[in-house]
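Trainee: Please take me through the ligand site in detail. Which residues come nearest the ligand, and what is the pocket around it like?

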Amino acid sequence: MTDAFEESVWTEKLGAGANRLGIDLDESQLTILWRYAHMLRERNEHVNLTSIVSPEGILTLHMLDSLSLATDLGDAQRLIDVGTGGGFPGIPLAVACPGREFMLIDGTQKKIRFVAEAIAALDIRNARAVAARAESYPAEEKFDVVIARAVGPLADLLRDAGKLLAPRGRILAMKGKDPATELAALPRGWAAQVKRLHVPGLDADRHLVTLTRAR
Ligand code: SAM
């Protein structure tokens with residue numbers, strides 16, 4: 001992924017996909033995400049960060065899939081990506097939304113070390129990466145939105161990360177299939193909304209679950 005032609009084709013596709021999601025990425029944002037993809041592939045040769053390694057797969061299944069959440073962030077200023085793994089969805093969202101602050105956490109040291117190094121190397125100033133599990137993250141620090149992709153059942157996410165939410169905060173959980181069984185297992189006191197997400201170039205089920213405190 002170092003060839004200039006390959007970079008221009010990849011970034012053009014990413015820009016067009018982002019447009020279809022209602023997001024405008026300028027050249028510098030596209031270049032940062034290209035470089036991030038490149039760093040991810042390189043580190044993945046030594047550390048298991050992701051099973052998706054092709055440039056096309058990273059473009060659709062990591063970058064655009066992550067960005068499909070962007071228009072649901074509302075006016076949130078402080079966000080935490082719980083279980084970010086190789087930096088998804090937190091990194092693409094932080095690059096696309098420079099006016100918001102993103103905290104990225106993961107319980108696996110080697111993954112978060114990569115994410116922190118990449119944030120520093122790419123100078124993504126509105127993102128920080130910290131090695132932590134949600135359940136032991138300081139509960140005094142509150143966020144407008146908790147985001148999570150592919151991080152266990154909803155009831156567990158709520159139990160571990162619910163305390164990090166500001167009073168009117170929301171949990172946005174990205175799921176594949178409609179998580180009806182997981183929704184049935186939610187504790188009282190929380191309201192859930194489910195909507196389909198559409199990822200350009202991807203023919204697969206994607207759902208966004210929004211959890212809020214019931215009033
Ligand atoms: N969100 C990334 C993505 O979609 O590519 C990674 C998903 S991976 C399947 C799940 C990640 O969540 C793992 O890296 C794991 O270490 C992390 N994780 C699971 N439970 C967690 C918790 N309670 N606190 C912090 N990280 C957690």
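**The ligand and its pocket**

Mentor: Start with the shell. This is a predicted model, and 15 residues surround the ligand. Gly83, Phe88, Asp106, Glu135 and Arg149 come nearest. By class, the shell splits into five nonpolar, five polar and five charged residues.

Now the polar contacts. The side chain of Arg149 places an N or O atom 2.6 Å from an oxygen atom of the ligand. Asp106 also reaches a ligand oxygen atom, with a side-chain N or O atom at 2.7 Å. Glu135 faces a nitrogen atom of the ligand instead: a polar atom of the Glu135 side chain lies 2.9 Å away from that nitrogen. As for cover, the ligand on its own has 600 Å² of accessible area, and the protein covers 77% of that.

Next, the space itself. The ligand sits in the largest pocket. That pocket holds about 440 Å³ of space. Its lining counts 25 residues. Nearest the pocket centre are Val82, Gly83, Asp106, Ala150 and Val151. Two of these names are already familiar: Gly83 and Asp106 are also among the residues that come nearest the ligand.

Which elements build the wall? Strand S2 (101-106) and helix H6 (154-161) each supply at least two lining residues. H6 gives the most, with four. In terms of chemistry, the lining of the largest pocket has 10 nonpolar, eight polar and seven charged residues.

Conventions
Residues are numbered from 1 along each chain as its sequence is written. This is a predicted model: local features need pLDDT of at least 70, side-chain atom pairs count only at pLDDT 80 or more; totals for chains, interfaces and linings use all residues. Side-chain values use heavy atoms; hydrogens and water are left out. A residue is near a molecule or strand if one of its heavy atoms lies within 4 Å of it. A polar contact is a pair of N or O atoms within 3.5 Å; within protein, one must be able to donate a hydrogen and the other to accept it, and residues adjacent in sequence count only if both atoms are side-chain atoms. Accessible areas come from the Shrake-Rupley method with a 1.4 Å probe; for residues, only the protein chains shown count as cover. On a 1 Å grid over the protein atoms alone, a cavity is a set of points where a 1.4 Å probe fits but cannot get out, and a pocket is an open set with protein on both sides within 12 Å along at least five of seven lines; lining residues have an atom within 4 Å of a point. A molecule sits in a cavity or pocket if more than half of its atoms lie within 2 Å of its grid points. Ala, Val, Leu, Ile, Met, Phe, Trp, Tyr, Cys and Pro count as nonpolar, Asp, Glu, Lys and Arg as charged, and the others, Gly among them, as polar. Grid points are joined across faces, edges and corners, and a volume is the space filled by probe spheres set on the points.
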